[in-house]
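Subject: Structure for you to look at

Hello,

The structure is handed over below, for you to load and look through. What I found in it follows underneath.

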Amino acid sequence: METMSAFRAFRVHQDEGGFSAGIDVLQLSELPDSDVDIEVYYSSVNYKDGLASTPKGKVVTSYPRILGIDLAGKVIASRCREFQPGDEVLCTGYGLGVSHDGGYAEIARVPADWLVKLPEGLSLRDSMALGTAGFTAALSVDRLLLNELRPSDGPVLVRGATGGVGSVAVNILSRLGFEVVAATGKPEAEAALRSWGAADVISREAAAEGIKGALGRTRWAAVVDPVGGAGLGEILKAVKYGGSVALSGLTGGGAFEASVFPFILRGVNLLGIDSVYCPQAKRLELWERLGADWRPDQVLQDGVKEYGLEQLEDALSVVLDGKVLGRQVVALKTSN
Ligand SMILES: NC(=O)c1ccc[n+]([C@@H]2O[C@H](COP(=O)([O-])OP(=O)(O)OC[C@H]3O[C@@H](n4cnc5c(N)ncnc54)[C@H](OP(=O)(O)O)[C@@H]3O)[C@@H](O)[C@H]2O)c1
């Protein structure tokens with residue numbers, strides 16, 4: 001395999017000249033020291049990438065930084081035994097695109113223990129069509145199942161349903177036989193949400209409507225929540241006895257008010273979901289499932305938009321404006 005010495009990457013800078021972002025041409029010697037060199041075929045665009053591309057995003061820890069919290073590609077050089085040139089791998093989270101150069105680059109260099117071998121049932125493109133958002137949806141579903149959620153328990157609410165975490169969660173849950181209610185701020189996306197497996201589609205406001213008092217009518221057996229914000233406090237009042245909320249995100253805000261009553265009178269569980277430092281054994285297990293019995297076929301088929309490195313800024317604006325419908329992948333290899 002011929003290794004290129006100069007390669008393109010989307011980097012952010014913060015220096016005397018202020019904040020800037022764009023495509024730079026770099027040399028291999030400018031990458032951080034690490035175990036495995038990867039020719040990146042695909043990356044993806046997550047909400048966190050959008051924040052990282054702004055001066056006040058509070059995501060990037062030092063500059064300059066190649067962005068991209070996800071990548072998938074082929075190993076081109078390895079200084080460890082577990083990976084060999086030609087291996088197809090993916091990487092999500094850890095310091096990627098935050099404190100370590102990330103996936104918006106034709107070449108990346110990462111620690112071996114951040115890597116996952118591409119699972120059966122997913123192409124490199126599929127794995128990035130899922131990316132951190134899809135993996136977080138899988139983690140959310142996994143935690144709900146570990147907390148004994150069963151299809152017979154009743155409807156499961158998915159908030160931010162047109163987004164990355166939401167769309168994949170809708171698809172996985174419906175594949176597993178759950179009645180999924182999708183909450184969205186985009187009424188025009190109803191047909192897409194139904195095609196991904198939603199049995200019903202409601203507005204953001206209807207999902208999070210204010211309830212007087214500490215408890216309300218029980219509506220949800222469980223909730224997948226990448227939105228958070230004030231609405232979460234209302235939703236907790238409507239979770240059924242013993243039900244769970246898998247909380248992963250904050251597109252609706254970082255704070256909410258709640259009382260102890262859903263927890264002490266209905267045994268409701270609030271489950272925190274973190275994909276970034278998820279232990280490797282769980283990563284491998286869930287990536288296998290995403291390529292097999294949990295594979296979200298409908299989102300992978302119709303819910304993915306592809307961008308080249310040159311159009312990355314458009315894709316980052318879509319995510320920052322809350323206009324995502326499904327997932328956005330970035331093709332690196334084909335944009336040469
Ligand atoms: N904990 C973790 O490890 C982890 C991993 C991945 C993501 N996250 C977090 O999860 C969230 C979603 O990530 P993502 O990549 O799925 O983002 P995304 O693709 O941009 O989707 C976010 C969705 O949230 C909804 N939304 C946007 N603005 C909103 C607002 N003001 N109020 C209510 N809903 C709003 C929209 O869906 P509708 O229009 O359909 O309502 C939007 O499509 C982010 O906060 C992200 O940081 C956390």
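**Ligand contacts**

Gly164 places a backbone N or O atom 2.8 Å from an oxygen atom of the ligand. Please keep in mind that this is a predicted model. Two side chains also reach ligand oxygen: a polar side-chain atom of Thr162 is 2.7 Å from an oxygen atom of the ligand, and a polar side-chain atom of Ser275 is likewise 2.7 Å from an oxygen atom of the ligand. How much of the ligand does the protein bury? On its own the ligand exposes 920 Å², and 86% of that is buried by the protein.

**Pocket and shell**

The pocket that holds the ligand is the largest one. Two elements give two or more residues to the shell around the ligand: helix H2 (124-146) and helix H3 (164-175). H2 supplies the largest share of that shell, with 3 residues.

There are 27 residues around the ligand, and those that come nearest are Thr162, Gly164, Thr184, Ile273 and Ser275. Sorted by class, the shell consists of 14 polar, 10 nonpolar and 3 charged residues.

**Sheet**

Elsewhere, 3 strands make up an open sheet with antiparallel pairing, and their order is S2-S1-S4. Strand S2 (18-27) and strand S4 (65-66) are the edge strands, each with pairing on one side only. Strand S1 (residues 6-15) and S2 run antiparallel and are joined by 10 bridges. As for single partners in this pair, Ala9 has Asp24 of S2 as its bridge partner.

**Backbone points to check**

Which loop holds Lys58? Lys58 belongs to the loop between H1 and S4. Pro64 is also placed in the loop between helix H1 (47-52) and S4.

Both residues have a backbone feature to note. The peptide bond that leads from Tyr63 to Pro64 is cis, and its omega is near -10°. Lys58 has a phi near 55°, which is positive although the residue is not glycine. As background, most peptide bonds are trans, and most residues other than glycine have a negative phi.

If you set up the ligand site, the polar contacts to carry over include those of Thr162, Gly164 and Ser275.

Regards

Note on methods
Residues are numbered from 1 along each chain as its sequence is written. This is a predicted model: local features need pLDDT of at least 70, side-chain atom pairs count only at pLDDT 80 or more; totals for chains, interfaces and linings use all residues. Side-chain values use heavy atoms; hydrogens and water are left out. A residue is near a molecule or strand if one of its heavy atoms lies within 4 Å of it. A polar contact is a pair of N or O atoms within 3.5 Å; within protein, one must be able to donate a hydrogen and the other to accept it, and residues adjacent in sequence count only if both atoms are side-chain atoms. Accessible areas come from the Shrake-Rupley method with a 1.4 Å probe; for residues, only the protein chains shown count as cover. On a 1 Å grid over the protein atoms alone, a cavity is a set of points where a 1.4 Å probe fits but cannot get out, and a pocket is an open set with protein on both sides within 12 Å along at least five of seven lines; lining residues have an atom within 4 Å of a point. A molecule sits in a cavity or pocket if more than half of its atoms lie within 2 Å of its grid points. Helices (H or I, at least four residues) and strands (E, at least two) are DSSP runs, numbered from the N terminus. Ala, Val, Leu, Ile, Met, Phe, Trp, Tyr, Cys and Pro count as nonpolar, Asp, Glu, Lys and Arg as charged, and the others, Gly among them, as polar. Two strands pair if DSSP finds at least two bridges between them.
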